Amino acid sequence: MKLVPVSNDSPTDYKAGVSVSNGYLCREPRYRYLFYKVTGVEPDSPVTFESSLKTRLRKPFSGKLPGWEVLQDRGWVRAQRDEPLHEEQLVRRRIHVHEPPITAARIRVVYQDDDLVVVCKPGTMPVHRTGVYELNHLQGMMSYHYPKLGQVFPVHRLDLLTTGVCILAKSLESVHRIV
């Protein structure tokens, strides 16, 4: 049996729950949901996940996953261990998110035109959303510091701990023209 991700409730409010402490931008811990669709139901088969979810079941699992909710006619209901999962059924799990802090320094814009923004990326900040960094990344911080700029798209990336010049496009069309 596989649990295939169908969507998530990723936050987009870059200013919510933000505080600055000792020069670092910190976010309050929060909850979010991971949504999955059940496929490949077979008796006594282990549950596998088509995502980076770190839950690992070490033996075949029959019945519901503990702590999960299942979508039924009356809405989301806590999963019961003795009920089997069904093909195409939607399940979700509430997870607690702690995001690592990043530097609170304003991102410096080196160059800007109609298609591009060139910035100095500080170390300790990823370029895009990855792993535990849902909001604390260069793209998100550009929305935080420069809301009138709108969404930006990385043309290339630098490693997490690398400080340097990073080129961001103002549209996907600009990315395709550059790359």
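Which residues does Leu-138 touch, not counting residues up to four places away in sequence? The views below, all taken from a predicted model, begin with that residue and move outward.

**View 1. Leu-138 and the residues it touches.** Leaving aside residues up to four places away in sequence, Leu-138 touches Ile-107, Val-119, Lys-121, Met-125, Pro-126, Val-127, Cys-166 and Leu-168. If you find Leu-138 in the structure above, you can look for each of these partners in turn.

**View 2. The largest nonpolar core, with 17 residues.** Leu-138 appears again here, among the residues with the most contacts inside this core. The others named with it are Ile-107, Val-119, Met-141, Met-142, Cys-166 and Leu-168. At least two residues of the core come from each of S11, H1 and S13. The element that gives the most is H1, with four residues. As background, nonpolar side chains tend to be buried together in soluble globular proteins.

**View 3. A second, separate core.** Eight residues make up this other core, including Val-38, Trp-68, Ala-79 and Val-91.

**View 4. The open sheet of four strands.** Its strands follow the order S10-S11-S13-S12, with antiparallel pairing. At the edges are strand S10 (108-112) and strand S12 (153-154), each of which pairs on one side only. Strand S11 (residues 116-121) and strand S13 (residues 164-169) run antiparallel and are joined by six bridges. To trace one of the pairings, start at Leu-116, whose bridge partner in S13 is Ala-169.

**View 5. Helix H1 across the strands.** Here helix H1 (residues 138-145) lies across S11, S12 and S13. The helix runs at about 105 degrees to S11.

**View 6. The open sheet of three strands.** In this sheet the order is S2-S3-S9, and the pairing is antiparallel. Strand S2 (18-21) and strand S9 (102-103) are the edges; each has a single partner strand, so one side of each is left without a neighbour in the sheet. Two bridges link strand S3 (residues 24-27) with S9 in the antiparallel sense. Look for Leu-25, which stands opposite Ile-102 in S9.

**View 7. Two cysteines, Cys-26 and Cys-166.** Is each of them buried or partly exposed? Cys-26 counts as partly exposed because its relative accessibility is 23%, and buried means under 20%. Cys-166 has a relative accessible area of 0%, so this residue is buried. A search of the whole structure finds zero disulfides.

Conventions. Residues are numbered from 1 along each chain as its sequence is written. This is a predicted model: local features need pLDDT of at least 70, side-chain atom pairs count only at pLDDT 80 or more; totals for chains, interfaces and linings use all residues. Side-chain values use heavy atoms; hydrogens and water are left out. Two strands pair if DSSP finds at least two bridges between them. Contact means heavy atoms within 4.5 Å. Axes are lines fitted to C-alpha atoms, for helices over the stretch in contact, and angles run from 0 to 180 degrees between N-to-C directions. A nonpolar core is a set of buried Ala, Val, Leu, Ile, Met, Phe, Trp, Tyr and Cys residues joined through side-chain atoms within 4.5 Å. Buried means under 20% relative accessible area, exposed over 50%, partly exposed in between (1.4 Å probe, protein chains only). A disulfide is a pair of cysteine sulfur atoms within 2.5 Å.
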